[in-house]
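These are my notes from a session with one protein and its ligand. I went from the overall fold to a single strand, then to the ligand shell.

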Amino acid sequence: MTFDRKIKIAPSILSADFANFGEEIRAIEAEGCDWVHVDVMDGHFVPNLTFGPPLLAAIRPHIRTVMDVHLMISPVDAYIDAYAGAGADILTAHLEAGPHIHRTLQAIRAAGCKAGLALNPGTGLDAVPHLLDMVDLICVMTVNPGFGGQKFIHSQIEKVRSLRAMIGDRPIHIEIDGGMTPETAPLMAEAGADVLVAGSGVFKGGSVQNPGVYGENIRAIRAAAEAAQG
Ligand SMILES: O=C(CO)[C@H](O)[C@H](O)COP(=O)(O)O
């Protein structure tokens with residue numbers, strides 16, 4: 001993976017057809033997505049359950065771009081090697097998931113993955129300066145994690161603007177997760193984000209039989225964000 005700040009669209013397969021992951025992934029990549037975002041939920045850190053390492057290992061051969069794995073689990077450390085071994089390129093852990101986020105980020109890099117730090121909407125940036133040397137990506141949640149299809153939380157715009165200033169020239173992606181549409185994506189691109197996770201915003205209205213809709217949705221979010229990016 002090389003670093004740049006171009007807008008990247010990362011569809012969340014939480015909104016895909018669970019019976020057809022291979023075809024869904026091939027469809028979104030053929031329609032121009034940049035990364036594939038995989039939401040791992042444990043029924044403890046968030047009130048929903050999704051994918052374990054065997055599922056990730058099964059879909060990995062279908063992904064030609066980047067497998068971007070968002071761990072909404074607590075504890076995290078005991079599972080890092082399993083998710084890295086399943087083929088994650090990026091492993092993102094939550095600041096709120098435990099008392100030792102610095103150790104967690106170290107362990108993610110030691111496992112050979114890029115390290116991501118996720119922040120819930122109610123979490124401030126106080127700890128971030130102490131972690132900047134440890135991260136390749138910071139994910140700002142613009143919904144409370146656990147479910148797709150929720151409403152974008154506007155208070156996160158100023159958080160992203162502050163984060164952008166804090167990061168400066170460091171090669172760290174700012175990823176936005178939740179409620180991304182052609183209306184909300186430009187607000188975040190203008191504030192400094194470069195990776196936009198979109199579940200319902202990409203998959204709504206389409207299917208593997210009608211994948212052109214995925215392409216229309218991806219292009220609409222990308223065009224709106226690029227027009228707003230500083
Ligand atoms: O992490 C997530 C939920 O915890 C999802 O990635 C996120 O909500 C994206 O879904 P949508 O674009 O439908 O809001």
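**Entry 1, overall.** I began with the secondary structure and found eight helices and eight strands. I keep in mind that this is a predicted model. Next I looked up the extent: the C-alpha atoms fill a box of roughly 45 × 40 × 35 Å along the principal axes. I then compared the radius of gyration with the globule rule. The protein has 16 Å, and a compact globule with 230 residues would have a value near 17 Å, so the two agree. For burial, I read that 47% of the 230 residues count as buried. I also checked the sequence range of the contacts. Taking contacts between residues at least 6 apart in sequence, I found that 66% join residues at least 24 apart.

**Entry 2, strand β4.** I picked β4, residues 90–94, and asked how many of its residues are buried. The count is five of five, and I noted the strand as mostly covered. I then sorted the side chains by direction. I90, T92 and H94 point one way, L91 and A93 point the other way, and all are buried.

**Entry 3, neighbours of β4.** Which strands pair with β4, and in what sense? I found β3, residues 67–72, paired with β4 in the parallel sense over four bridges. In that pairing, L71 stands opposite A93. I found β5, residues 114–119, also running parallel to β4, with five bridges joining them. Here the bridge partner of A93 is L117. A93 therefore gave me a reference point in both pairings, with L71 in β3 and L117 in β5.**Entry 4, connections.** I followed the chain through these strands. From β3 it goes to β4 with helix α3, residues 80–85, in a right-handed β-α-β unit. From β4 the chain crosses through helix α4, residues 101–110, to β5, and this β-α-β crossover is right-handed.

**Entry 5, ligand shell.** Last, I asked which residues are closest to the ligand. I found 21 residues around the ligand, the closest being S12, P145, G148, G199 and S200. I then looked up which elements supply the shell. β8 (195–198) and α7 (200–203) each supply at least two residues. By class, I noted seven nonpolar, 12 polar and two charged residues in the shell.

Key:
Residues are numbered from 1 along each chain as its sequence is written. This is a predicted model: local features need pLDDT of at least 70, side-chain atom pairs count only at pLDDT 80 or more; totals for chains, interfaces and linings use all residues. A residue is buried if 20 or more other C-beta atoms lie within 10 Å of its own, exposed if 12 or fewer, and partly exposed in between; C-beta atoms are placed from the backbone. Two strands pair if DSSP finds at least two bridges between them. A crossover is right-handed if, with the strands pointing away from the viewer, the path from the first strand over the helix to the second runs clockwise. A residue is near a molecule or strand if its C-beta atom, placed from the backbone, lies within 6 Å of it. Ala, Val, Leu, Ile, Met, Phe, Trp, Tyr, Cys and Pro count as nonpolar, Asp, Glu, Lys and Arg as charged, and the others, Gly among them, as polar. The radius of gyration is taken over C-alpha atoms; the globule rule is 2.2 Å times the number of residues to the power 0.38. Two residues are in contact if their C-beta atoms, placed from the backbone, lie within 7 Å.
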